[in-house]
Amino acid sequence: MESRKKQEAEFHSHLREDMPFQRYSAEVEETAEGDPQWSNFKYYSIETKSRAYVDQWIRARCGGKRLLDYGCGNGEDSIVAARHGAFVVGIDISDVSIANCKQKALEAGVGDRTEFLMMDAESLQFEDNSFDLVVEYGVLHHLDFSAAMNEIRRVLKPDGAAICTEALAHNPLIRAYRNRTPELRTPWEVDHILRREQIQMAEKWFARVDYNFYHLATLAAVPFRKTPVFSPLLGCLEALDALLLRLPMIQWQAWQVVIELSKPRKNMPLDKT
Ligand SMILES: C[S@@+](CC[C@H](N)C(=O)[O-])C[C@H]1O[C@@H](n2cnc3c(N)ncnc32)[C@H](O)[C@@H]1O
């Protein structure tokens, strides 16, 4: 395995051995309190809108389908999809993640509808056209973007679709925060947070690329997450984001983008990346 991939596997296995969770909840934040590795956990408190969109996307499509959870982490999306009738295959480069996913799927009662495999996302061990749906959250910036697009395109069926949630690189304040906290990221990911050019380049592999921006003004709610004003404040800031993030000059300053990929270009040659 290339050394950068070994580094990714070690980084994420270590993270999840200490703290085997990902999604935000107040109780989980309490457990993570004081752990420098999880000092960014609080930001996930404002992800409500983007998560709700992806959740709805999965639930609406996944019944009876084969779904790939690409870089599954602890498998939260896998479990949602399996509960809603999909057969799910989750892959991740971290053995600890895969072990956690298997255990969580059993606990959730979906062990028979899920399979979790340690695998490199840039070189999937699946036949062409194996999946109806691909779900990805926070993984593309750990990968070579072209290799990832090429593999997602290859394993999707011609009428298949993918949904990807990623952080964006453009906001100077968020960049300053990332520069101050290098210990929270692998060296590769620091340099590969997604940029506008890459997202637009996705059209090379997919005839249809749609994207929506999330979380800019809502970041101001983070300090209030443990107070009674949090919910109403978040609601107001979400309404403000809905306006701001329609503006072409502002939208690329968002924290996150949700990208929907469909109509995989099946007639192009496979890239040898
Ligand atoms: C930020 S985490 C996101 C995990 C998960 N998608 C979630 O929603 O919580 C990034 C994940 O990408 C995985 N990863 C990094 N490089 C990978 C690779 N080359 N192949 C497969 N998984 C990889 C890591 O092990 C980690 O679980």
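Which of the 19 residues around the ligand come nearest? Select Gly71, Asp92, Asp120, Ala121 and Tyr137, for these are the ones that do. Keep in mind as you go that this is a predicted model.

**Stop 1: the ligand and its shell**

Leave the ligand on screen and show the residues around it. By class, this shell has seven nonpolar, seven polar and five charged residues. Now colour helix α1, residues 3-18: with three residues, α1 gives the most to the shell.

Next, turn to the polar atoms. Pick Arg16, where a polar side-chain atom sits 3.1 Å from an oxygen atom of the ligand. Then move to Asp120, one of the nearest residues; an N or O atom in the Asp120 side chain is 3.0 Å from a nitrogen atom of the ligand. For Ile93, show the backbone: a polar backbone atom there is 3.2 Å from a nitrogen atom of the ligand. Switch on a surface here if you like, since the protein covers 95% of the 590 Å² of accessible area that the ligand has on its own.

**Stop 2: the loop between β3 and β4**

Now select the stretch between β3 (114-118) and β4 (131-137), the loop where Phe126 is found. Is Phe126 buried or exposed? Its relative accessible area is 13%, and the cut-off for buried is under 20%, so Phe126 counts as buried. Add Glu151 to the selection: Phe126 and Glu151 are 25 residues apart along the chain, and their C-alpha atoms are separated by 9.5 Å.

Asn129 is also found in the loop between β3 and β4. With a relative accessibility of 36%, Asn129 counts as partly exposed. Draw a distance from Asn129 to Pro172, 43 residues apart along the chain, and you should get 40 Å between the C-alpha atoms.

**Stop 3: the second largest pocket**

For the last stop, select Lys49, Tyr211, Asn212, Phe213, Tyr214, His215, Thr218, Glu238, Asp241, Ala242, Leu245 and Arg246, which line the second largest pocket. About 200 Å³ of space lies inside this pocket.

Which element gives the most to the lining of the second largest pocket? Colour β6 to see the answer: β6 supplies four residues. Both β6 (206-214) and α10 (230-244) provide at least two residues of the lining. Finally, colour the lining of this pocket by class, and you will find five nonpolar, three polar and four charged residues.

Key
Residues are numbered from 1 along each chain as its sequence is written. This is a predicted model: local features need pLDDT of at least 70, side-chain atom pairs count only at pLDDT 80 or more; totals for chains, interfaces and linings use all residues. Side-chain values use heavy atoms; hydrogens and water are left out. On a 1 Å grid over the protein atoms alone, a cavity is a set of points where a 1.4 Å probe fits but cannot get out, and a pocket is an open set with protein on both sides within 12 Å along at least five of seven lines; lining residues have an atom within 4 Å of a point. Grid points are joined across faces, edges and corners, and a volume is the space filled by probe spheres set on the points. Ala, Val, Leu, Ile, Met, Phe, Trp, Tyr, Cys and Pro count as nonpolar, Asp, Glu, Lys and Arg as charged, and the others, Gly among them, as polar. A residue is near a molecule or strand if one of its heavy atoms lies within 4 Å of it. A polar contact is a pair of N or O atoms within 3.5 Å; within protein, one must be able to donate a hydrogen and the other to accept it, and residues adjacent in sequence count only if both atoms are side-chain atoms. Accessible areas come from the Shrake-Rupley method with a 1.4 Å probe; for residues, only the protein chains shown count as cover. Buried means under 20% relative accessible area, exposed over 50%, partly exposed in between (1.4 Å probe, protein chains only).
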